[in-house]
Amino acid sequence: MSNQFFFQYGGYELHCKPREAPHSRYQAQLRIVHASDAKPKEQQVDLDAVPSFETAGEAGDHARVIGQRWVDKHGGPRT
């Protein structure tokens with residue numbers, strides 16, 4: 001089963017694709033893309049230390065929140 005969640009936030013794209021973890025749980029994964037230039041810049045955010053989640057939706061939501069925090073800290077002004 002492949003669940004992928006996509007969000008736009010502050011001029012960035014947050015790609016959250018939970019992966020299956022042991023015991024029918026899901027691990028959050030996050031890739032952040034800033035496509036303001038001709039060549040998009042990508043940032044993979046390590047979420048391996050984050051606990052696993054019961055559903056893919058919960059893992060995707062958690063990755064979104066982490067992505068929004070990353071953009072607030074490292075990104076430019078919100079658009």
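**Notebook: surface, core and one salt bridge**

I looked up the surface first: the protein exposes about 5,200 Å², by the Shrake-Rupley method with a 1.4 Å probe. Carbon and sulfur atoms supply 49% of that area.

I noted that this is a predicted model, where local features need pLDDT of at least 70, side-chain atom pairs count only at pLDDT 80 or more, and totals for chains, interfaces and linings use all residues. Residues are numbered from 1 along each chain as its sequence is written, and side-chain values use heavy atoms, without hydrogens and water.

I listed 1 helix and 6 strands, taken as DSSP runs (helices H or I, at least four residues; strands E, at least two) numbered from the N terminus. Their order from the N terminus is β-β-β-β-β-β-α.

I then checked burial: 32% of the 79 residues are buried, meaning under 20% relative accessible area, with exposed over 50% and partly exposed in between (1.4 Å probe, protein chains only).

I looked for the largest nonpolar core (buried Ala, Val, Leu, Ile, Met, Phe, Trp, Tyr and Cys joined through side-chain atoms within 4.5 Å) and found 17 residues, with Leu14 and Ala63 among those with the most contacts inside it. Strand E2 (12–16), strand E5 (30–34) and helix H1 (56–74) each give two or more residues. H1 gives the largest share, 5 residues.

How many salt bridges are there? I count 1, using a Lys or Arg side-chain nitrogen within 4 Å of an Asp or Glu carboxyl oxygen. Glu42 and Arg31 form it at 3.2 Å, N to O. Glu42 lies in strand E6 (residues 41–45) and Arg31 in strand E5, so the pair ties together parts 11 residues apart in sequence. Glu42 is exposed at 54%, and Arg31 is partly exposed at 27%.
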